[in-house]
Amino acid sequence: MKRVTLTFDNGPEPDITHGVLDELGARGIGAVFFVIGRKLDTEAGLEAASRAHAEGHIIGNHTWSHTTPLGEIFGDPAIAENEIGRTQEAIGACAHADKLFRPFGGGGAISERLLNKRCFDYLKDDGYSCVLWNNVPGDWKDPDGWVETALETLADQDWSVIVIHGMDTGAMAHLARFLDELDGIGVEYRQDFPDDCMPMVRGEVVRDMTAFVSDHI
Ligand SMILES: [Zn+2]
């Protein structure tokens, strides 16, 4: 049976996240939410993330601001603390023991835009786990067609780590249909990741990361 790890990035957005949680809850599916720190800075945002955690979902770190990809930043000695550490603090008691961090940049491409040297060192020294992906259907740019794209990619995979966004793009209107399709295929939902999507585990580099760490410090 195929394995599927659903990851919802760039939230929480209370108007969207609660609907996603309702849908997952009704089906008994556990997922992973990679949240943006600044979106936890409101009561409603924090409440949505706390609900996700309370309902058995895993909360991961997806930077504080989600503006410039970390691999493109240099000359900012506080970047790791501000983007990664501050978010982890905001996640607080909802954090996973593995300190999951997902970088961004490049519309799903795995490139040197993902991390700079300073952030890489920070993740390593602070015992984070780095989580990548292998199925990015582009829901943000194709809110009505991403379901088919995700299914096409998934057809060739044993374990699909799907990146979709809990954002107000219209894409989540198709979440139920997507989950129905997965029901039809028959998949095992997971909240962990295949080895090739997790190159750093609790600060230990277990796979070569040079392809997505720039020299910038
Ligand atoms: Zn993102």
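This passage describes a zinc site, an internal cavity and a threonine that lines the cavity in a predicted model.

The zinc ion is coordinated by three side-chain atoms: OD1 of Asn10, NE2 of His62 and NE2 of His66, at 2.1 to 2.2 Å. Along the chain, these donors follow the spacing N-x51-H-x3-H. Asparagine 10 and histidine 66 link distant parts of the chain, being 56 residues apart. Asparagine 10 belongs to strand S1, whereas histidine 66 sits in the loop between strand S3 (58-61) and helix H3 (79-91). Asparagine 10 has a relative accessible area of 7% and is therefore buried, the cut-off for this class being under 20%.

The structure holds 1 cavity of 30 Å³ or more. The space in the largest cavity amounts to about 30 Å³. Its lining consists of Phe8, Asp9, Gly11, Thr17, Phe33, Phe34, Val35 and Gly166. Two elements, strand S1 (2-11) and strand S2 (32-35), each give two or more residues to this lining. By class, the lining of the largest cavity comprises 4 nonpolar, 3 polar and 1 charged residues.

Threonine 17, one of the lining residues of the largest cavity, lies in helix H1, which spans residues 14-27. Threonine 17 counts as buried because its relative accessibility is 5%. When neighbours within four places in sequence are left aside, threonine 17 is in contact with Pro12, Phe33 and Ala48. Of these contacts, Phe33 also appears in the lining of the largest cavity.

Note on methods
Residues are numbered from 1 along each chain as its sequence is written. This is a predicted model: local features need pLDDT of at least 70, side-chain atom pairs count only at pLDDT 80 or more; totals for chains, interfaces and linings use all residues. Side-chain values use heavy atoms; hydrogens and water are left out. Helices (H or I, at least four residues) and strands (E, at least two) are DSSP runs, numbered from the N terminus. Buried means under 20% relative accessible area, exposed over 50%, partly exposed in between (1.4 Å probe, protein chains only). Contact means heavy atoms within 4.5 Å. On a 1 Å grid over the protein atoms alone, a cavity is a set of points where a 1.4 Å probe fits but cannot get out, and a pocket is an open set with protein on both sides within 12 Å along at least five of seven lines; lining residues have an atom within 4 Å of a point. Grid points are joined across faces, edges and corners, and a volume is the space filled by probe spheres set on the points. Ala, Val, Leu, Ile, Met, Phe, Trp, Tyr, Cys and Pro count as nonpolar, Asp, Glu, Lys and Arg as charged, and the others, Gly among them, as polar. Donors are N, O and S atoms within 2.8 Å of the metal (3.2 Å for Na, K and Ca); water is not among the atoms, so sites may look incomplete.
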